[in-house]
Every structure is written in structure tokens, then in C-alpha cells.
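Work through the exercises below with the sequence and the coordinates open. Each task is followed by a solution in steps.

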Amino acid sequence: MITAGCDVGSLTSKAVIMRDNRIVAQEVIRSRTKPAESAVAVMNMALQKAQMTLTDIVFCVGTGYGRDKIPFISEAVSEISCHARGARWLLPTVKTVIDIGGQDCKAMRIDKDGKILKFITNDKCASGTGRFLEVMARIINVSLDDLGGLSARATAPIALANACTVWAQADVIQHLNDGISAEDIGAGINNAMASRMAVLANNIGLERDLCMTGGVAKNAGVVSALEKLLGMSIKRIKKVDPQLVGAVGAALIAGDKVERRTAS
Amino acid sequence: MIDAFHESSTTLFNRHVRNWKTDGGKVVGYTCSYVPDEIFHAASILPYRLRGVGAREMNIADAYFGPFICSLPKCLLQLAGEGKYHFLDGAVVTPGCDSMRRLDDCWRKAGEDRAEALPSFFFHYAVPHKTADYSLKWFIEETRRLQAAVEKHFNVTITDYQLYDSIGIYNEGRLLLSRLDALRCAPDVAISGADALAVVLASTTIPRKSFNSLLMDLIAQIEAGSDRISGRKRLMLVGSANDDVELVRLIEGDEAVVVADNLCFGARFYADLVEQDGDPVAALAKRYLYHNDCPRMFGDYKGRLSILKEKIERAAVDGVILQNIRFCDLHGSENGIFERDLEAAGIPCMRIEREYGPLVETGRIRMRIDAFLERLEK
Amino acid sequence: MRKELKEYPFDWMIWRTFVAAARMKAGSEKEYSQAVKQLPYFRGILDTIYGIGEPGQLFIEMVAEYFEKIIFARKRGQKTAITTFCFSPAVFYALDIVPITLELVTVAMGATYKRGTADFLDYCNEVGFTETSCSSQRGTLGAYLAGNGVTIDMVVCDSPGVCDTNVNAFAFASAYLDKPFFQLNMPPDLTGARSTEYHRADYRALIAFLEEQIGRKLDTEKLREILTEVRKQDILMAELEELQILVPNPLPVTFNLLIYAGRFLFAGMPQCTRLLESLLKIGRENARQNQSGLSSGKERLRGFFCYIDHYGQDLRLWHLLDQMEISYHGNILSKMWSQDAYYAKALDRLEDAYNIDTTDLDTLIDSIADLNSRMPMIKSIRGPYDAPHMWLQDTLALAKLHRADFIVYNGTPGCRNTWGMVKPFARDTEKNGFPTLILYSDAFDMRVESWETTASRIEEFLKVRRLRP
């Protein structure tokens with residue numbers, strides 16, 4: 001059975017195609033202005049890679065902010081459920097998932113089937129999101145990929161506003177003007193992000209094992225700061241890019257839905 | 001039929017208010033469910049609950065309010081500054097919460113800069129934060145002070161007889177709203193949460209006698225009809241003031257129905273009757289101070305929790321949405337403990353912090369609602 | 001919250017830190033300089049406070065004693081009450097209840113912990129208390145919610161009608177910890193028969209509540225003793241604050257902090273009286289010599305803080321003012337509005353002030369009720385800011401009396417009641433000739449805005465307004 005998941009986020013769009021619960025193709029692209037265009041583009045790339053056409057897919061679940069705008073999906077499911085399902089499949093011992101996406105972050109506690117027991121998401125503002133890191137990295141003139149590595153080289157990380165991106169920007173500029181090193185500022189940024197995330201995660205009551213999904217899971221500075229704050233190690237997802245977990249979950253849920261339909 | 005309620009709930013200067021003004025009637029706006037409508041009704045003035053619907057910008061409000069303030073009073077000031085409340089002859093502000101309390105200061109200051117923004121009658125109605133014999137005494141005196149100010153400004157006399165009459169009419173409205181509530185929380189839901197909210201909102205602007213008669217017709221129509229909502233998740237909406245029908249519609253979507261609430265534009269507004277014997281002002285003060293369960297009445301968490309639990313059971317609620325407007329710490333924090341205690345009692349909850357008015361982010365809220373409904377599916 | 005924070009009770013750690021600090025000056029200067037190295041995050045404050053001599057020593061000892069009372073309350077058979085800075089602790093001392101004033105503990109923790117109160121601030125959010133709430137209570141509240149301090153017996157506050165976010169912290173604590181709660185509720189008017197009657201009836205209900213909690217009646221003699229001491233303190237404070245009017249102001253910048261902290265810690269207790277007497281000795285001597293209290297001896301500007309101070313680590317606000325040769329002219333926190341206060345007399349505002357009448361139990365209770373209703377913030381932020389007896393009137397009168405060159409508003413983003421009107425307020429102070437700076441920082445949480453940014457905003461303001469080159 002061939003299923004697919006398509007996750008259209010604010011920063012990136014992802015597609016995963018699975019055959020009998022095995023990943024056969026995956027793609028990530030930068031999101032375009034219209035969710036439908038992003039979805040079609042990323043899915044076409046994945047299909048091409050899998051040497052399939054859309055008609056080969058039995059069931060496709062859409063997720064992410066643009067999920068309702070995706071033209072080719074069979075059903076839309078929230079990214080919270082998709083990340084939970086994907087994470088549990090990738091790491092079967094996981095009970096808590098932290099996902100940091102482009103414009104939001106979420107923490108969820110899940111059962112053995114990857115179903116949600118409790119979840120929380122950040123509120124309106126951009127702090128504690130991938131966007132926060134992106135803005136801050138730009139100010140200190142490092143790439144987003146390099147930001148995570150700065151923490152390991154920092155000697156005296158700055159304390160930074162973790163409540164407001166705008167406030168934090170002013171502080172970062174002030175620290176730059178004061179001649180503080182990029183390492184110490186970068187570490188401060190990563191710590192602020194982790195601290196924001198720790199509050200959310202603690203809010204739902206953590207249970208081992210814990211893993212992180214979303215692009216920020218690749219930022220070593222944030223991950224290690226978060227581990228310290230939570231007093232718990234964070235399991236790494238190695239089978240796929242952590243950004244793809246939502247799309248993987250969507251493809252798995254697609255399979256669940258087909259099975260349920262067949263059974264009934 | 002329900003369209004008439006929706007029209008009144010989304011348009012500030014709606015048909016009923018327009019007609020009232022055309023007939024030479026006076027309108028006094030107020031900010032909080034602790035203000036007794038009956039005082040104005042008895043003076044033949046239309047009491048009108050102020051709202052911020054339709055605000056598109058914040059430029060006027062931001063000139064007076066600081067940045068860390070709830071967006072509801074900001075929207076309200078914005079509309080007043082834009083002249084959208086031109087039909088008001090008066091306004092009453094209460095210390096419902098600090099953000100709303102400061103509307104008094106900011107609105108008066110805006111009135112200094114824009115004369116048309118401020119109505120000629122402007123009253124600060126000091127509602128205590130506790131229920132004790134001396135705070136009730138204070139509130140009775142405060143209500144008499146409001147009555148005297150209305151009499152003086154509008155050159156009217158409010159007799160006890162008129163107050164009794166008004167209390168009777170408003171009690172009738174409360175009973176009708178409670179009947180509607182029963183239809184809403186019945187096993188086969190007879191009215192959606194969005195429609196029910198529209199009715200409550202309409203009740204805050206339509207002259208009460210007309211409203212009662214409209215509502216009586218609506219109830220009759222619903223009872224006679226067979227349209228029922230079933231197979232959806234039954235939700236309860238709790239927390240900060242919400243006068244946005246679209247928010248409820250967003251929450252309900254295709255899979256849920258809001259069967260109960262504990263909101264001040266909702267059940268809190270019409271729960272409990274005013275006693276109809278004895279001193280009418282004292283009876284009003286008693287009902288409004290004692291039977292209006294907002295976290296502004298500090299220290300009564302347990303009372304409010306038991307109200308929620310009773311409603312959750314009565315309406316067979318599947319899940320509770322605890323929402324607060326950003327910077328509404330009273331509801332926001334109480335929601336935190338509600339969540340702890342309700343979840344412990346096996347009732348799934350979800351907390352949402354949101355903005356009011358033009359800042360509402362529908363996409364993000366929708367995503368959370370979807371995930372919450374997926375959680376309830378188990 | 002990080003696990004390691006739960007290893008030791010936080011209040012016990014603060015107590016031990018202050019006990020150690022109080023002994024630092026027992027030896028030689030060399031020993032002090034060696035020992036102080038062991039307190040890296042506290043050093044700046046100790047240097048500054050000890051730098052003022054005897055009152056500094058008394059102050060550190062007082063803080064140590066305050067925490068000692070908290071730690072051993074239960075062992076001594078006393079009950080504890082969490083309460084707020086704007087609630088006079090005198091009644092607790094009269095009833096032998098140990099007050100734990102959240103804001104004071106927050107400042108003490110901010111001064112001694114490297115990360116300030118950050119972890120406990122965040123812990124509050126983890127258990128459902130909003131992050132937009134005021135950081136002054138939230139810092140300490142988090143520790144008590146986490147069970148990381150002594151056991152709380154009751155929750156008492158007086159901010160309903162004045163400050164929602166303040167009272168909300170106490171209401172939350174009561175609900176979360178399931179502890180008895182009492183609120184004094186302030187009407188929007190300060191004066192007049194209705195308000196006075198309300199204040200007094202409410203206060204009598206408070207006493208009944210406290211008596212019920214401890215199972216004992218209020219001892220009239222004890223209350224008389226405490227209020228007599230309060231009166232003594234009022235007279236001392238009046239003289240100290242009157243000295244501030246002089247040009248140059250003979251009080252060092254930190255004195256104001258010590259005056260109000262002393263009063264918040266030990267109103268009506270001899271510890272506070274001793275501190276005030278000691279401060280006064282220095283103030284009088286400087287005044288006699290027409291000497292500025294600033295380190296450089298030169299007073300370039302006179303600053304009035306209309307709300308609260310900035311409690312960033314190492315007393316950096318006071319350092320900045322001292323370094324810029326700006327004398328400090330008080331804030332809302334030190335103005336208790338006793339009828340002995342020089343400003344109540346000078347401004348002919350005795351109606352705003354309380355009087356202590358020790359004749360009998362009734363007059364004593366009326367007096368303490370009136371006193372409590374005049375506490376900082378409780379007095380002037382309850383009604384519309386521009387109403388009689390309220391914030392604008394007080395600020396303008398005091399700023400004029402002190403010949404202030406500028407006004408600074410500093411608070412917390414959680415302060416809904418002032419952020420709701422500080423813009424028109426500042427517009428009015430500007431109209432009255434006072435350049436006014438609104439700071440957007442958080443007095444208790446450096447993560448909102450770093451002190452460096454706050455300091456640069458103050459410097460920029462003074463420069464742009466041509467108050468300083």
C-alpha cells in the first residue's frame with residue numbers, strides 16, 4: 001500500500017511517500033507564498049524521486065498550516081497528531097515530543113500508538129520558534145546552521161529576553177555594540193530558546209523518553225541547553241531529517257486510515 | 001429568524017439601536033456584566049454593552065494605552081476615537097479588571113483630544129471585589145449613586161415601581177435565555193454555540209422587551225422544528241470575554257459544537273434572577289455582586305470550579321476550551337488551575353491564549369482545535 | 001524547573017547567604033576582601049551597602065533576621081502568611097504571625113542568585129500561572145508553588161481594587177496550594193466617610209480572619225506597642241525624607257531603598273527604627289556640612305522615580321545614578337503618607353494621610369486600617385490616575401517639592417494598572433515641565449531587557465533632553 005504525507009509549514013514544505021510503512025521518497029523545499037503551490041511542488045519532487053504518479057498513492061494526509069489548501073490530499077490532520085505519530089514510529093520508546101517549527105513550538109505527551117494524551121503550543125508571538133532563531137542569526141551575521149555550534153564555543157553566554165523577539169533583538173544589538181563575541185551571543189540566543197521550550201514542555205508533564213522534531217532539533221546548542229534545563233536526555237532521530245517527522249506521521253496516519261476503512 | 005440576532009450581534013449601530021435613537025431615545029454603554037441594566041431601563045434609557053467588534057487598527061488606542069494591555073478595551077477605545085460610538089449618550093466604566101478600569105482614564109483623555117469620542121455622561125461604577133456585608137452595603141450605595149447620577153444627567157426620575165417593572169422584564173429575559181441554554185445543552189443539540197452567542201450578544205443591544213419577544217419566537221421555532229445537531233464533539237468554552245461569533249464558529253467547524261460556556265457574554269450574563277421583593281436597588285446590588293462568577297471576585301476559585309463541573313456534567317461535555325485574551329491574567333491563571341483540576345477529574349482541557357479583535361489568528365487556533373478534537377476522538 | 005534547584009530550600013539558602021554576609025565585616029578589611037570573593041554575585045551589593053557604614057551593617061543583619069524568622073516560624077509554633085509589599089506587616093507582628101513578603105524575597109533572591117529569579121518565574125508558567133503576570137510576586141511564588149520553601153499557612157493581600165496582577169498572584173497561590181485567603185479590597189476613593197468606613201470594616205474582618213487562623217485574639221497592648229513604634233519610625237522617615245529636599249541632597253542614592261526596605265521588612269519593630277536612626281545620623285551630618293550624598297560630592301541633576309526602582313543585579317541603577325551625579329529623590333515606595341510626613345504637611349494634604357491614635361482598641365484598629373489604606377500603590381493607584389489624592393497629583397507635588405529635573409517611570413510589563421495609563425500620565429507630567437522617561441524594562445527580570453539596554457536608554461534620554469552632555 002502506498003501512502004503519502006504532505007506537511008506545508010510556514011518556512012518549509014515537506015513530502016514523504018511510504019510503501020507498506022517504509023519510506024520510499026522524501027523532499028523538503030522552502031515554502032512559497034501559496035500553500036497549494038508549495039504542496040504541489042514538493043509532492044511532485046517526491047513522486048519523481050519515487051518514480052510514481054499521484055494516482056499511485058492510495059491515501060494522502062495533509063498537515064501543517066497550509067493543510068486545508070492542499071489540492072491533492074484525501075484528508076487533513078493537525079501537525080500535532082502527525083508529529084506525535086511520526087515520532088513514536090521513528091523512536092518507539094518516546095512518550096514526549098517537542099517540536100519546534102518555523103512559527104510555533106509544541107510539546108506533546110503521547111501513548112503507545114502515538115495518540116495525543118496532552119499537548120501545548122506556544123502562543124501568538126514568534127519567541128521560541130524557528131523564526132526567532134532565524135531573525136537572531138541574521139542579526140549576528142551567522143547562518144542558521146552555524147548558530148547551534150556557537151554554544152559549545154561560548155565562554156560567558158549572555159542572558160537574553162526569552163519572552164519577546166522584538167525585545168531580544170534590541171538586546172542582541174546592544175551586546176554586539178558592546179563588543180560581546182558572536183559565540184556568547186549565539187549561546188544566549190540558543191539558551192533563551194531552550195528556556196522558552198522548557199517551560200512549555202514542563203507544562204504538560206514530561207515522561208521519558210523524550211525526543212525533538214522540527215528543524216531546530218538540528219541545533220546542538222538548543223538541544224543541549226534544553227537537556228540541562230529538563231534534566232533529561234533528548235533522543236536523536238537519525239532515520240530521517242527531524243524536519244520530516246510531521247510528513248512521516250501524516251503518511252503513517254494515511255495508512256492507519258486506509259486500514260480502518262478496510263476493517264470497517 | 002436567527003439572522004436577526006446575528007445582525008444585532010455584529011453591527012454596533014444596529015437596526016434596533018438606530019430605531020431607538022430615531023425615536024429620541026437615549027443610549028448608555030457599559031463595559032462589564034456587573035452593571036445593572038435595570039437602572040437604565042427604568043429610566044427609559046437603552047443599556048448597551050460596549051464591545052470592540054469591527055476595530056481594524058489600534059493607532060488611537062495605542063496613543064493612550066501602554067503595550068501590555070488587553071486588546072478588548074483597546075479596540076473599544078479605538079472605536080470610540082473613530083466616532084463609531086457616536087450614538088452613545090453616556091458610558092459606565094467599572095473596575096472589572098485593570099485593563100478595563102483604565103479605559104476610564106484613557107477614554108477621558110481621548111475625549112480631551114477628540115471631543116466627539118467621549119459621551120456627555122461618563123461614570124465610574126466602583127464594583128467591589130468581594131462579597132461581604134460591608135461590600136454589599138458599599139455596592140448598594142454605589143448603585144444608588146449611579147441611579148442619582150442618571151436621574152440628574154438625563155433629568156428623569158427612577159421610581160421603585162419602574163425598577164420593579166424593569167427587574168421583571170429582565171428576569172423574564174434571563175429565564176428565556178436559560179431556556180435556550182437548556183436546548184443548547186440537551187443530548188440533541190438544538191442550537192449551535194455560534195448562534196447561541198449571537199442571541200446573547202443581541203440581548204446586550206436590543207431593547208429588552210423587543211428582545212424577549214424575539215427570543216420567545218426563536219425558542220418556539222426551535223422547539224417546533226426538528227433540526228438537531230448530533231455526532232459532534234461537545235465542547236464548553238470558558239475564560240475571557242468573547243463577543244466574537246466567528247471565534248465560536250471557528251471552534252465548532254464541522255466536527256464540534258459548543259454546548260456550554262461560562263463567559264460574561266454568555267451564561268454568566270443571564271444566570272440567576274433578581275429578587276422581586278424588598279428594596280429594588282438592594283436586590284439589584286445583591287444579584288449583580290453575588291451571582292456573577294468572574295475571577296475578578298478574588299479568592300472564590302472553588303465556587304467557580306464547582307459551577308464548571310456542574311455544567312460539564314449537565315451538558316455532557318467532551319472537552320473544555322479554556323481561553324484567555326493575552327494580558328488577561330485573571331482568566332489566564334485561573335484557566336491554569338481549572339486545567340489541572342478538570343484533567344484530574346478526567347475532563348480533557350485545552351488552554352488557548354488569543355488576541356481580541358483584528359489580531360485574532362485563526363490559523364493557529366484552528367490547528368489547536370483540530371488537534372484537541374483528534375485527542376477527544378480516542 | 002531544573003532538578004538541582006529543588007535540592008535545597010531556596011529561602012534557607014538566602015537566609016544563610018545573608019547570615020554569612022552579615023558576618024563579613026566582623027574581621028579586618030583584608031579578611032573582608034578575601035571573604036567577599038566567595039560571594040561573586042552578591043559582591044557588588046555588599047560593597048555598596050557596606051560602603052555606607054553602620055546602616056549597611058544593620059540592613060544586612062535585618063535581612064538575615066527576616067529570613068531567620070521565616071525559616072524557624074513553624075518550629076517556634078508560629079504561622080506564616082504570604083503577603084505583599086504594599087500591605088503593612090505591622091498587624092502580623094502584632095499577632096505573632098510571620099509575614100513572607102513575596103516582592104521582598106524576590107529582590108533578595110535577585111540580589112543573591114546568579115540567574116536571579118528566572119527559574120522560579122518560569123516555574124509559575126509551567127504550572128499554569130500566566131507569563132504576563134507581574135514578575136515581582138512571580139519570582140518567589142514559583143519557589144513556594146514548587147514546595148521549595150517553608151510551609152505557607154495563609155495568603156493575605158490588600159491589592160484588590162488597586163492592582164489585579166498583584167492580587168491574582170495571591171489568589172492563584174491560595175487556589176493552587178489550597179490555603180485560606182483573605183483580601184482587603186480598596187474602593188477607588190481614598191478619602192471621605194464611605195471609603196474610611198469601608199477600609200475600617202474590611203480591616204476588622206481581616207483581624208477576625210487572622211485571629212481565626214491562629215486561634216488567638218489580638219492583644220491590644222501588643223498592637224499599641226507596635227503602632228507606637230510605627231509612629232516613631234514615621235517621624236524618623238519624615239526627617240530623612242525632608243533632608244532630601246535640600247540642595248544638594250545630603251542622602252546617598254541607596255538610602256531611599258534602605259528606608260522603604262526597612263519599613264517593608266519590619267514596620268513597627270525596633271530593627272527598622274534602629275536602621276532609620278542610623279541612616280538619619282549620616283543624613284544629618286551631610287546636611288550640616290551642606291554635603292551631597294553622592295560619591296563625587298557633586299550633584300548635577302535631581303531625579304524622581306514616580307513608580308518603583310530597578311532591582312537588577314548589584315544595585316546597578318543606584319550605581320548609574322551615583323556615577324552620573326544624579327541625586328535620588330525617592331519613588332512611590334517610600335511614601336507612607338503619615339500625618340508626620342513632611343510632604344503631607346508641606347503640601348497641606350493631611351486629609352491624604354493617616355494618624356495613629358493609641359487610645360483604645362477601636363482607635364488602634366482604625367489607625368492601622370487608615371495606615372494600610374495609605375501604603376505605597378494602595379494609596380495612589382487605586383482610582384483614576386488624575387483624580388484627587390492619586391498618582392498624578394502626588395507625583396507632580398513631590399517632584400516639585402524635591403525640585404526634580406526629570407521623572408522616570410520604571411515598573412514591570414505585568415503592571416496592568418500603570419501600563420493602562422502611563423502614557424497619558426507621562427504626557428501630563430511633561431506638560432507640567434518634567435521631562436519624563438518611560439522605561440519598558442522589568443524591574444525584577446533582566447531577561448525582559450538587559451540592564452545594559454536599560455542604562456543606555458536612561459543615558460540617551462538625559463542626552464536627548466539636554467539634561468546631561
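How many salt bridges does a search of the whole structure find over all chains? The model is a predicted one, and the search returns 88 salt bridges over all chains. The exercises take up some of these pairs, then one interface and one chain.

**Exercise 1. Describe the salt bridge of R85(A) and D256(A), and state which parts of chain A it ties together.**

Step 1. The closest approach from N to O between the side chains of R85(A) and D256(A) is 2.8 Å.

Step 2. R85(A) belongs to helix α2 (residues 79-90) and D256(A) to helix α8 (residues 245-263) of chain A, so the salt bridge ties together parts that lie 171 residues apart in sequence.

Step 3. For burial the cut-off is under 20% relative accessible area. R85(A) has 16% and is therefore buried.

**Exercise 2. Place the salt bridge between K137(B) and E141(B) in its helix, and classify both residues by accessibility.**

Step 1. The closest N and O atoms of K137(B) and E141(B) are 3.0 Å apart.

Step 2. Both residues sit in helix α6 (residues 133-154) of chain B; because they are four residues apart there, about one helical turn separates them.

Step 3. K137(B) has a relative accessible area of 37% and is partly exposed. E141(B), with 27%, is also partly exposed.

**Exercise 3. Give the N to O distance for E68(C) and R76(C), and classify both residues by accessibility.**

Step 1. A salt bridge joins the side chains of E68(C) and R76(C), at 2.6 Å from N to O.

Step 2. Relative accessibility is 22% for E68(C), which counts as partly exposed. R76(C) counts as partly exposed too, at 44%.

**Exercise 4. Characterise the interface of chain C and chain B by its area, its residues and its polar pairs.**

Step 1. The size of an interface is often given as the accessible area lost when the parts come together. Chain C and chain B bury about 4,100 Å² between them, and carbon and sulfur atoms account for 53% of that.

Step 2. D164(C), R194(C) and R416(C) supply 17% of the area that chain C buries against chain B, more than any other three residues.

Step 3. Chain C brings 52 residues to the contact and chain B brings 46 residues.

Step 4. There are 38 residue pairs in polar contact across the interface, both residues being at pLDDT 80 or more.

Step 5. Elements of chain C that each supply at least two residues to the side touching chain B are α9 (164-177), β4 (181-183), α10 (193-214), α18 (416-419) and α19 (422-431). The most come from α9(C), with eight residues.

Step 6. By class, that side of chain C holds 26 nonpolar, 13 polar and 13 charged residues.

Step 7. The salt bridges between chain C and chain B number 11. One of them pairs K109(B) with D386(C) at 3.5 Å, N to O.

**Exercise 5. Decide how compact chain B is for its length.**

Step 1. Chain B is built with 15 helices and eight strands.

Step 2. Its radius of gyration is 20 Å, close to the 21 Å from the globule rule for 378 residues, so chain B is as compact as a globular protein of that length.

Step 3. Along the principal axes, the C-alpha atoms of chain B fill a box of roughly 60 × 45 × 40 Å.

Step 4. Of the 378 residues of chain B, 66% count as buried.

Key. Residues are numbered from 1 along each chain as its sequence is written. Chains are lettered from A and ligands numbered from 1 in the order in which they are written. This is a predicted model: local features need pLDDT of at least 70, side-chain atom pairs count only at pLDDT 80 or more; totals for chains, interfaces and linings use all residues. Side-chain values use heavy atoms; hydrogens and water are left out. Contact means heavy atoms within 4.5 Å. Buried area is the accessible area (1.4 Å probe) that two parts lose on being put together, summed over both. A salt bridge is a side-chain nitrogen of Lys or Arg within 4 Å of a carboxyl oxygen of Asp or Glu. A polar contact is a pair of N or O atoms within 3.5 Å; within protein, one must be able to donate a hydrogen and the other to accept it, and residues adjacent in sequence count only if both atoms are side-chain atoms. Ala, Val, Leu, Ile, Met, Phe, Trp, Tyr, Cys and Pro count as nonpolar, Asp, Glu, Lys and Arg as charged, and the others, Gly among them, as polar. The radius of gyration is taken over C-alpha atoms; the globule rule is 2.2 Å times the number of residues to the power 0.38. Buried means under 20% relative accessible area, exposed over 50%, partly exposed in between (1.4 Å probe, protein chains only).
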